[in-house]
Amino acid sequence: MDIMSVTVFFRSYFNKNKAYLKEIGMETVFLFDGNYILRRSFYGVPELKTASGFPINAIKGTLNQILYIKNTYKPEKMIVAYDSNKPTFRHMMYNEYKSTREAAPEDFIKQYNVVSEILGIMGISVVKKEGYEADDIIGTIAKKESEKGNKVYIVSADHDMLQLINQNVFLYVPANNTQTIWTEKEVFNVYGVTPKQFTDVKALMGDKSDNIPGILGIGEKTACKLIAQYGSLMGIYISIKDISNKRVMAKLINGWKDVILSRTLIEIKQDVQLGEYDGRVPDDMLNNISRRILEIYELESIINILEKGGIVRL
């Protein structure tokens with residue numbers, strides 16, 4: 001089956017399932033990792049600027065992705081989460097957190113500063129919380145919505161999100177002309193652990209992109225094997241004398257402080273105190289104000305999509 005056939009099948013399956021959910025009073029919710037969508041668009045959409053020289057490729061890509069989800073899957077709710085502009089509790093806990101990342105390009109920052117305003121004017125719920133990352137906002141809303149029985153799809157390529165998956169929460173990873181849906185079964189098939197256990201796997205192996213140390217010399221394969229065998233970090237350290245590989249045992253003993261720190265940094269919060277958010281997908285995103293804003297940023301293609309509807313081509 002080719003990519004297009006897979007995509008068509010998934011749309012058909014999703015829409016049939018959605019009709020059933022609506023029939024029994026359940027809703028479909030899409031939670032967007034706003035930073036990921038903007039970054040993917042910035043590097044994936046060719047450079048594009050207004051006549052005055054303001055960059056708009058990432059803004060256009062972000063709006064395209066969100067409208068694609070809206071028009072293809074017709075969810076009842078869509079919420080876009082963004083990182084706080086200020087240091088988070090993780091930075092306060094560990095000075096080296098994300099310290100190895102390069103500074104974002106100026107054109108990216110310019111678009112980051114305006115995209116949430118554009119989304120808000122279009123009636124799309126945008127949520128930020130000082131001191132927290134988009135992951136924590138997503139984790140909190142996903143928990144709240146899934147406990148209502150709603151089906152929640154997290155739009156991101158960040159595998160840290162795998163820890164949030166349950167029977168009602170899924171990770172939706174977009175790609176050109178297709179997508180990957182992570183479920184509890186997929187996580188187990190790939191890593192041999194449950195989504196909840198995946199947090200402990202990441203704590204052992206660390207995360208170079210976020211400069212989270214983990215335990216030096218413990219990689220993904222060993223981390224998955226240990227958690228699958230002992231169930232958790234606690235299980236490993238309770239049974240540490242039973243570990244037959246003495247080199248691995250020594251690394252675990254020497255790195256216990258790092259793994260505790262890493263576990264705290266990697267765990268996504270699910271209890272952030274958020275203000276009220278609507279989340280409802282507005283019937284008409286193209287009002288007089290949003291049209292004017294989109295015209296100012298010369299996003300005629302977005303206006304055209306909002307006027308005519310239909311499937312957005314990514």
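This is a short talk on the two largest pockets of a predicted model.

First, the ground rules. The model is predicted, so to speak of local features we need pLDDT of at least 70, and side-chain atom pairs count only at pLDDT 80 or more, while totals for chains, interfaces and linings use all residues. Residues are numbered from 1 along each chain as its sequence is written, and side-chain values use heavy atoms, with hydrogens and water left out.

A pocket here is an open set of points on a 1 Å grid over the protein atoms alone, where a 1.4 Å probe fits, with protein on both sides within 12 Å along at least five of seven lines; lining residues have an atom within 4 Å of a point.

The largest pocket has a volume of about 1,100 Å³, counted as the space filled by probe spheres set on the points. Its lining has 40 residues, and Asn35, Arg39, Asp83, Lys98 and Arg101 are nearest the centre. Two or more lining residues come from each of α2 (34-44), α4 (89-93), α5 (106-121), α6 (134-147) and α12 (256-266); helices are DSSP runs of H or I, at least four residues, numbered from the N terminus. The biggest share is from α2, with 4 residues.

Now the second largest pocket, at about 390 Å³. It is lined by 19 residues, with Gln163, Leu164, Ile165, Lys196 and Gln270 closest to its centre. Here α6 and α8 (195-205) each give two or more residues, and α6 gives the most, with 4.
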